[in-house]
Every structure is written in structure tokens, then in C-alpha cells.
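Me: I have not seen this structure before. Please take me through it by question and answer.

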Amino acid sequence: MIWRNYDTSGDNQIQYDTSRYKLAYCATCKRQNRVNQMSSNIKVNRLCEFCGQSFEAKTTVTRYCSHRCNSRAYKALVKGKKIGVSNLQTLTKLIQPIEAVKAKEYLSVAESCKLIGISRMTLHRLIKAKKIKCGSIGRRVIIRKSEIEKLLQ
């Protein structure tokens, strides 16, 4: 919306634009003055969300007492997000091999150890004591998943 006003000191016609910033145009000198419409004279007592100190804000949405607190809070937020993503990636890498092992019918010694949660030496002792039946192909020892389930029952 543009409205016109006449200067009382002379014939200068001034146009005003009433958007977010008020632009004042002078017809004779062709100058443009930009005035912020959003400014106000309110003062609100707030607490900084980062350091907890009391401060006087000029708007109702101000959250931090200074640029330093704002920057530090932002950095803490970004750091927290990065840590969360890293923890999620680590968890998926830990769970993924176990899920792959659960889908197989025959397991190697290392896969059997991961599934049960025991060491290789303990598994070899169980095989030697004939508590778990196994087969071998060359030097490789293969254990049926049903044998491990029988052991755990």
C-alpha cells in the first residue's frame, strides 16, 4: 500500500510504502529513506536459554542475551545432533551382523560365537565335549543353527 503525504514546509510530495520496511521517497531530492516498521519501544525481562542470566529484550521472541550465547547454543545443538546420528549408526552396525546371522541355516564358529555371545574357545570346548554337533568341510567347522538352539534350551 502506498500513500502520499505533502510536506508542510513546502511543495515536496513524499510517498510511503507500508510493507515491512517503510520507504520514504522525497520527490524533489530523489532520496529514499528506509525505516523499519517493526521497531517498538517495549522492554521485556527474559532469561537467557543458554546461560540463565536475566536480560532486557526488545522483542517477545528473543531467546538469548547475546550473540555469544546464541552461537554457543547453536553449536551445542549441532553437536548433539551429530552425536545422535553417530550413536544410531553404531547401533545399526552392531545389530546388522546379528540379523544376518539369524537368517542363515548353517553357521561358522565366528558367527555362532556372535549369536550366542560366547568366546571361540568356549565354543570349541562345547564341540569337544560333544554338547554341540558340528560338521567340517576341509578345515572349516560348520554348526547347524538348530544345534545352538538345542543347547540354549
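Me: In what order do the 3 strands of the open sheet lie?
Reply: This is a predicted model. Strand β7, residues 106-108, pairs with strand β9, residues 140-144, in the antiparallel sense over 3 bridges. Strand β8, residues 134-137, is joined to β9 by 4 bridges and also runs antiparallel. The order in the open sheet is β7-β9-β8.

Me: Which are the edge strands of this sheet?
Reply: In the order β7-β9-β8, an edge strand is one that pairs on one side only. Neighbouring strands of the sheet are turned by 40° against each other on average, direction ignored. The edge strands are β7 and β8.

Me: Which residue in the turn of the hairpin has a positive phi?
Reply: The hairpin is formed by β8 and β9, with 2 residues between them. I137 stands opposite R140 of β9. The turn residue with a positive phi, of about 65°, is G138.

Me: What is the bridge partner of C134 in β9?
Reply: β8 covers residues 134-137 and is joined to β9, so C134 belongs to β8 by its number. On the β7 side, Y106 has R144 of β9 as its bridge partner. For C134, the partner in β9 is I143.

Me: What angle does the direction of helix α4 make with that of β9?
Reply: Helix α2, residues 109-116, packs on the sheet and touches β7 and β9, and its direction makes about 100° with that of β7. Helix α4, residues 145-152, packs on the sheet too, touching β7 and β9. The angle between the directions of α4 and β9 is about 60°.

Me: Which residues of α2 are buried?
Reply: The cover over the buried residues of α2 includes α1 (67-102), β7, α3 (120-128), β9 and α4. Just after α2, G117 takes a positive phi of about 90°. The buried residues in α2 are V109, E111, S112 and C113.

Me: Is E111 buried or exposed?
Reply: The side chain of E111 meets that of K104 in a salt bridge, at 2.5 Å from N to O. K104 has a relative accessible area of 37%, so K104 is partly exposed. The relative accessible area of E111 is 18%, and the cut-off for buried is under 20%. E111 is therefore buried.

Me: How many residues apart are E49 and R63?
Reply: E49 and R63 form a salt bridge whose closest N and O atoms are 3.0 Å apart. Both are partly exposed, E49 at 48% relative accessible area and R63 at 42%. E49 is in the loop between β5 (44-47) and β6 (54-57), and R63 is in the loop between β6 and α1, which puts distant parts of the chain in one pair. Their separation is 14 residues.

Me: Why are E147 and K150 separated by about one helical turn?
Reply: E147 and K150 form a salt bridge with the closest N and O atoms 3.7 Å apart. E147 is buried at 12% relative accessibility, whereas K150 is exposed at 56%. They are separated by about one helical turn because, in helix α4, they are 3 residues apart.

Me: How far from C51 is the nearest cysteine sulfur?
Reply: The count of disulfides comes to 0. C51 is partly exposed at 36% relative accessibility. The nearest cysteine sulfur is that of C48, and the cut-off for a disulfide is within 2.5 Å, so C51 is in no disulfide. The distance is 3.6 Å.

Terms used: Residues are numbered from 1 along each chain as its sequence is written. This is a predicted model: local features need pLDDT of at least 70, side-chain atom pairs count only at pLDDT 80 or more; totals for chains, interfaces and linings use all residues. Side-chain values use heavy atoms; hydrogens and water are left out. Two strands pair if DSSP finds at least two bridges between them. Axes are lines fitted to C-alpha atoms, for helices over the stretch in contact, and angles run from 0 to 180 degrees between N-to-C directions. Contact means heavy atoms within 4.5 Å. Buried means under 20% relative accessible area, exposed over 50%, partly exposed in between (1.4 Å probe, protein chains only). A salt bridge is a side-chain nitrogen of Lys or Arg within 4 Å of a carboxyl oxygen of Asp or Glu.
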